[in-house]
Amino acid sequence: MEIRGPRAAMPAEEGRYGRLCARTGTKVCSFWLEGRCTRNPCRFLHVELPPPRNNKIACRHPAVKPKSGGGASNGEGSKGKDGFKPEERLCQHWASGISCVKGDKCEFRHSWSRGEGFSLLAKLDGHDKGIAGIAFPSGLDKLYTGSNDGMVKIWDCHTGQCSDTVNVGSEVGCLISEGPWVFAGLRNVIKAWNVENGAVFDLQFSSGLVFSMVVDNNMLFAGCQNGDIMVWRGTSLTSPPQLLTTLKGHTRAVVSLVIGANRLYTGSVDHTIRVWDIQNLVCITTLKGHTNVVMSVLCWDNYLLSCSLDQTIKVWAATSPGGRDLEVIYTHNEDHEVLALKGMHDMEGKPILLCSCDDDTVHLYELPTFAERGRIYSRCKVLALQVAPTGGLFFTGDGVGTLNVWKWSGELKQGML
């Protein structure tokens, strides 16, 4: 059972809508929407997504508030005004590294997760702002992270120490790797490194910040702030990719990409998912099941999964030969906005869906039942999710710059890798 997910991680500082909101005026800047505004500060709004409905300041509220049920404590403790028991929320002192004077008697949670079968292996600190992408170039024992602080850090997978830092000069919108290549999406440029031969290239354009990227069949696809999807074709390991075409159709920023069954699926701020034919590079259909921003898309077996700020995860299936037409066959509802999806297998080979939500948690669901296997708690929203090629490891990068390393327990089932 194969799970394929988007290789692009989302911007992570204060949530994606926090990243795109700079409230300096009362009117949206038309130049910014086209990715061409050079004023800083600008007297007009640089707004792409709506602010959170509850108007809280992302990453600053003291306690995590996951939805009740699905493995929550069975105690009958009193609930707060928000409807959640204290033990279902993180202790703000403990989570900040400050000694909690109540110790074991504290009514709030003093742990980063609940559930069985996985555990926290390490916490890597080094970025000053949210993590936007996590990547594993092939042939190396290194882990790359890109952040909104304008840094790409390289971590030693054996020691957990940062071995090098690259200042890319501006915020990183996303970071992926393909073979020996590492791609960092910035504003109006993609930086490409070949870790084998040391080649470095800048792919320049004028479509604004790059929020998502994916590579397939020697082609690099980049989802941009103005709704464009830029397509480059690689020619060799020593020469830069050449711009092939620009896919147009989305009316607002493209924030998620995934490829499956010779189709490119693109999720956008315009609430739609577009399906593109990879061979001909044309849009063959538009999916309109969500009522808010489509934050992430994921291919699983013969299905397409998508999540949105409308608090749902939708499962799509083909209704015609060739997969041209798709319809929603199941909708999973959450109590909070859903920010990111990632698929993997546990050590027994069971398919697991990692689902990041706006309450600063990551839910672990077993597919296809959506039975909850556990929950991860964070100090801030998690928009960077990644899975290691081997070893049952997975990673969560949050909006304060912390990279958490998690591991499934047990022995890997024979034949899984």
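This is a walk through the model, one selection at a time.

**Whole chain**

Start with everything shown as cartoon, and keep in mind that this is a predicted model. The protein has 3 helices and 29 strands. Of its 417 residues, 56% are buried. Now think about contacts between residues at least 6 apart in sequence: 47% of them join residues at least 24 apart. Switch to a surface and you are looking at about 17,800 Å² exposed by the protein, with carbon and sulfur atoms supplying 47% of it.

**Stop 1: Arg114 and its partners**

Select Arg114, which sits in strand β2 (residues 113-115). Is Arg114 buried or exposed? Its relative accessible area is 12%, so Arg114 is buried. Show side chains around it and pick out Glu372: the two form a salt bridge, with the closest N and O atoms 3.9 Å apart. This pair ties together distant parts of the chain, since Glu372 belongs to strand β26 (residues 371-377) and Arg114 to strand β2, 258 residues apart.

Add Arg375 to the selection, and you have a salt-bridge network made of Arg114, Glu372 and Arg375. Then add Tyr377, whose side chain is joined to that of Arg114 by a polar contact of 3.0 Å.

**Stop 2: Arg373, Asp346 and Glu116**

Stay on strand β26 and select Arg373. Which residue does Arg373 pair with in a salt bridge? The partner is Asp346, and their closest N and O atoms are 3.1 Å apart. Asp346 is in the loop between β23 and β24 (351-357), 27 residues from Arg373 along the chain. Colour the two by accessibility: Arg373 counts as partly exposed because its relative accessibility is 22%, while Asp346, at 4%, is buried.

Next, bring up Glu116, in the loop between β2 and β3 (118-125). Put a distance label between the C-alpha atoms of Glu116 and Arg373: they are separated by 7.2 Å, although the residues are 257 apart along the chain. Glu116 has a relative accessibility of 70%, so it counts as exposed.

**Stop 3: the loop before β26**

Step back along the chain to the loop between β25 (361-366) and β26, where you will find Pro368. Look at the backbone: the peptide bond from Leu367 to Pro368 is cis, with omega near 5 degrees. Phe370 is in this loop between β25 and β26 too, and its phi is positive, near 65 degrees, though the residue is not a glycine. Why are these two spots worth a click? Because most residues other than glycine have a negative phi, and most peptide bonds are trans. Phe370 is buried, with a relative accessible area of 8%.

For another positive phi, jump to Ala261, where the angle is about 55 degrees, again in a residue that is not a glycine. Ala261 lies in the loop between β15 (254-260) and β16 (263-268). At 65% relative accessibility, Ala261 counts as exposed.

**Stop 4: Lys191 and Asp202**

By the rule used here, the count comes to 11 salt bridges. One to view now is Lys191 with Asp202, whose closest N and O atoms are 3.2 Å apart. Lys191 is in strand β10 (residues 187-194) and Asp202 in strand β11 (residues 200-216), with their positions 11 residues apart in the numbering. Asp202 counts as partly exposed, at 40% relative accessibility.

**Stop 5: Lys342**

Select Lys342 in strand β23 (residues 338-345). What is the nearest side chain of opposite charge to Lys342? That is Glu178, and it is 10 Å away. Lys342 is buried yet has no salt bridge. Show Gln386 as well, because a salt bridge calls for a nitrogen of Lys or Arg within 4 Å of a carboxyl oxygen of Asp or Glu, and what you find here is another kind of link: the Lys342 side chain makes a polar contact with the side chain of Gln386 (3.5 Å).

**Stop 6: a patch on the surface**

Finish with the surface on and select Tyr303, Ile329 and Tyr330. Together these residues form a nonpolar patch with about 280 Å² of accessible area. Tyr303 sits in strand β20 (residues 303-308), and it counts as partly exposed because its relative accessibility is 33%.

How values were computed. Residues are numbered from 1 along each chain as its sequence is written. This is a predicted model: local features need pLDDT of at least 70, side-chain atom pairs count only at pLDDT 80 or more; totals for chains, interfaces and linings use all residues. Side-chain values use heavy atoms; hydrogens and water are left out. Helices (H or I, at least four residues) and strands (E, at least two) are DSSP runs, numbered from the N terminus. Buried means under 20% relative accessible area, exposed over 50%, partly exposed in between (1.4 Å probe, protein chains only). Lys and Arg count as positive and Asp and Glu as negative; His and the chain ends are not counted. A polar contact is a pair of N or O atoms within 3.5 Å; within protein, one must be able to donate a hydrogen and the other to accept it, and residues adjacent in sequence count only if both atoms are side-chain atoms. Contact means heavy atoms within 4.5 Å. Accessible areas come from the Shrake-Rupley method with a 1.4 Å probe; for residues, only the protein chains shown count as cover. Patches are made of residues with over 30% relative accessible area and no salt bridge: like charges are joined within 9 Å, nonpolar side chains (Val, Leu, Ile, Met, Phe, Trp, Tyr) within 5 Å.
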